[in-house]
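Reader: I'm new to this one. Can you show it to me and walk me through a few of its features?

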Amino acid sequence: MVCFVVIFIIGCSTSSEEKKELPQSPDQPYALILGIAQDAGYPQQGCYKVCCKDIWDQPSKHRSPACLAVIDPISKEKWLFEATPNVKTQLDILQNHTPEFSKFLPDGVFLTHAHIGHYTGLIQFGHEVMGTNDLPVYAMPKMCDFLTNHGPWSQLVDYRNISLQELQADSTIQLNERISVTPFKVPHRDEFSETVGYHISAKEKSLIFIPDIDKWEKWDHSITDLVSETTYALLDGTFYKNGEIPGRDMSQIPHPFIEESMTVFEDLSPMIKSGIYFFHFNHTNPVLRKGSIEREEVEGAGFKVAEEGMVLEL
């Protein structure tokens, strides 16, 4: 059964004085969205076209690469999903969101794959920056091999700044007595590693996290079945539609266009649709702009556009 979706939206300011909202049940685990953009963030470096030119001098509209935190207020534990190029800001936001926790660092970092927006923030834990000690980093076998055998990431392993925890597809690990995580493979451009999504489960609710996938029809799983069995689905919404990047063959950067996904999901019930959140937006994606026709189409069809600071109660 799919549970009714309850969200609270908070500002992603790093100011400790700004009021933040928490889940309705203060003891429940929850997820905090820390980033919604594609690997390069928003605005994108070097872009002064219509999509970005007016955003540069409006920091409140800047967005970080896709990232999620899972937080247990009872055990005072927190885990990060993705180590993005903007991880230092995202961890600062997380720290200000959980000031009562005894430590700044997450209890673990889960990686999906070896594209730059998803793992390069690991460097902030290295010898030249924080110099962490055996920070658990959860990754699939090829990803672990990539980090172990290629610099500068190998130095993180050699200096024991990070401790690699090898995952296996479809094998569940228990984070604590209330939260479990299951990785599952998805088709994507796997130049250096495999690519996974994550199924995050708590006692009451569950969430799937798929920032990158090529096309739904390339997958040997039914995405409609998966979202129907899950409370929340954070799904690849990189591009709104074909032709979004003029002069570039978009078949070389395959993602399910949001238009395509809405067609795939059109027969689902309103309750299930309300648990589907698109994220991982390229800077060209018009749904980033509130009030755009495309964003109104997404929300009018019953789906959600993820925002940084959203809290999803688990």
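Author: Here are some questions and answers about salt bridges and a pocket. This is a predicted model, where local features need pLDDT of at least 70, side-chain atom pairs count only at pLDDT 80 or more, and totals for chains, interfaces and linings use all residues. Residues are numbered from 1 along each chain as its sequence is written, and side-chain values use heavy atoms, with hydrogens and water left out.

Reader: How many salt bridges does a search of the whole structure find?

Author: Side chains of opposite charge can pair when their charged atoms come close. Here, a salt bridge means a side-chain nitrogen of Lys or Arg within 4 Å of a carboxyl oxygen of Asp or Glu. Searching the whole structure turns up 9.

Reader: Is aspartate 72 buried or exposed?

Author: Aspartate 72 pairs with arginine 178 in a salt bridge, with the closest N and O atoms 3.0 Å apart. Buried means under 20% relative accessible area, exposed over 50% and partly exposed in between (1.4 Å probe, protein chains only). Arginine 178 has 22%, so it's partly exposed. Aspartate 72 has just 1%, so it counts as buried.

Reader: Which residue forms a salt bridge with glutamate 191?

Author: Glutamate 191 is partly exposed, at 47% relative accessible area. Its side chain meets its partner's at 3.3 Å, N to O, and that partner is arginine 189.

Reader: Which residues are linked with Arg63 in a network of salt bridges?

Author: Arginine 63 and glutamate 307 form a salt bridge, their closest N and O atoms being 3.9 Å apart. The network links Arg63 with Arg295, Glu299 and Glu307.
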